[in-house]
Amino acid sequence: MAGGRAYEMAFRLNAKLGKSYNSAFARAESVAKKAFGNIAKMGAAIAGGMGIADMANTYKDFQQSIANTGAIAGVSKMSKEYKELENAALEAGKKTTKTAKEAADALGYMSLAGWDTNQSISGLMPVLRLSEASGADLAMTSDLVTDSMSAMGLSVDQLSTYSIL
């Protein structure tokens, strides 16, 4: 009988310890999952923060380019023309492989060539397509197109036949 009692005690002790161990392991696993989850969230927040900083810099760069273009064109930030230039650059950035900043810079070169706001906006997409087709920088393409058209005595209205795009 004493042997049976010892086995019974060992069995009960083992059952208690087993539950205790299982419970301890379950708690440890839960804590570890939470910790790894928090680490993952922190990493995502840090990466997201870098993305936000990049977006802020991109926006700041675009705003500076469009402000430069507005100054060259002689339009104030509060004017309808400024908003039209800004919208044209943003739209070009959405619809093409070029960025809105690049489009704003191209509009600036058109303004330097003496094109008014409407002429620059209407000329933006043909110049942009020429830039994409040639693989050349958009601002440089804009500068070359406006300079060469001016040298040949061509008006902005002749841009579509000039660029053949």
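At what angle do the axes of H3 and helix H5 cross, and within what distance do they come? The legends below take up this point and others in a predicted model.

**Figure 1. Overview of the protein chain, a predicted model with six helices and zero strands.** Read from the N terminus, the elements follow the order α-α-α-α-α-α. The chain has 165 residues, of which 27% count as buried. Its exposed surface comes to about 10,900 Å², and carbon and sulfur atoms supply 62% of that area. Among the contacts between residues at least 6 apart in sequence, 55% join residues at least 24 apart.

**Figure 2. Close-up of the packing of helix H3 with helix H5 (residues 138–151).** The two axes come within 8 Å and cross at roughly 20°. An angle under 35 degrees counts as roughly parallel, and H3 and H5 are therefore roughly parallel to each other. Their crossing is right-handed. On the H3 side, the residues that take part are Glu102, Ala103, Asp105, Ala106, Tyr109 and Met110, and they meet Leu138, Ala139, Ser142, Asp143 and Thr146 of H5. By class, this contact of H3 with H5 holds six nonpolar, two polar and three charged residues.

**Figure 3. Close-up of the packing of helix H3 (residues 100–112) with helix H4 (residues 117–134).** The axes of H3 and H4 lie 10 Å apart, and the helices pack at an angle of about 120°. This angle makes H3 oblique to H4. The crossing of H3 and H4 is right-handed. Ala103, Ala106, Leu107, Met110 and Ser111 form the H3 side of the contact, while Ser120, Ile121, Gly123, Leu124 and Val127 form the H4 side. Seven of the residues in the contact of H3 with H4 are nonpolar, three are polar and none is charged.

**Figure 4. Close-up of Ala103 in helix H3.** Is this residue, Ala103, buried or exposed? Ala103 has a relative accessible area of 0% and is buried, because a value under 20% meets the cut-off for that class. With its neighbours within four places in sequence left aside, Ala103 is in contact with Ala89, Ala92, Leu124 and Leu138. Ala103 takes part in the contact of H3 with H4, and Ala103 is also one of the H3 residues that meet H5. Ala139 belongs to the H5 side of that second contact. Ala103 and Ala139 are 36 residues apart in sequence, and their C-alpha atoms are 7.5 Å apart in space.

**Figure 5. Close-up of the packing of helix H2 (residues 80–95) with H4.** These helices pack at an angle of about 10°, with their axes 10 Å apart. That angle makes H2 roughly parallel to H4. From H2, the contact draws on Glu81, Glu84, Leu85, Ala88, Ala89 and Ala92; from H4, it draws on Thr117, Asn118, Ile121, Leu124, Met125 and Leu128. The contact of H2 with H4 has eight nonpolar, two polar and two charged residues. Ala89, Ala92 and Leu124, which take part in this contact, are also among the residues in contact with Ala103.

**Figure 6. Close-up of Gly74 in the loop between helix H1 (2–73) and H2.** The relative accessible area of Gly74 is 65%, so this residue is exposed, the cut-off for that class being over 50%. Gly74 and Asp116 are separated by 42 residues in sequence, and their C-alpha atoms are 9.3 Å apart in space.

**Figure 7. Close-up of Leu144 in helix H5.** Leu144 is exposed, with a relative accessible area of 52%. Its C-alpha atom is separated by 9.8 Å from that of Val127, a residue 17 places away along the chain. Val127 is one of the H4 residues that contribute to the contact with H3.

Conventions: Residues are numbered from 1 along each chain as its sequence is written. This is a predicted model: local features need pLDDT of at least 70, side-chain atom pairs count only at pLDDT 80 or more; totals for chains, interfaces and linings use all residues. Side-chain values use heavy atoms; hydrogens and water are left out. Helices (H or I, at least four residues) and strands (E, at least two) are DSSP runs, numbered from the N terminus. Buried means under 20% relative accessible area, exposed over 50%, partly exposed in between (1.4 Å probe, protein chains only). Contact means heavy atoms within 4.5 Å. Accessible areas come from the Shrake-Rupley method with a 1.4 Å probe; for residues, only the protein chains shown count as cover. Axes are lines fitted to C-alpha atoms, for helices over the stretch in contact, and angles run from 0 to 180 degrees between N-to-C directions. Angles under 35 degrees count as roughly parallel, over 145 as roughly antiparallel, 65 to 115 as roughly perpendicular and the rest as oblique. A crossing is left-handed if the near helix is turned anticlockwise from the far one by less than a right angle, and right-handed if clockwise. Ala, Val, Leu, Ile, Met, Phe, Trp, Tyr, Cys and Pro count as nonpolar, Asp, Glu, Lys and Arg as charged, and the others, Gly among them, as polar.
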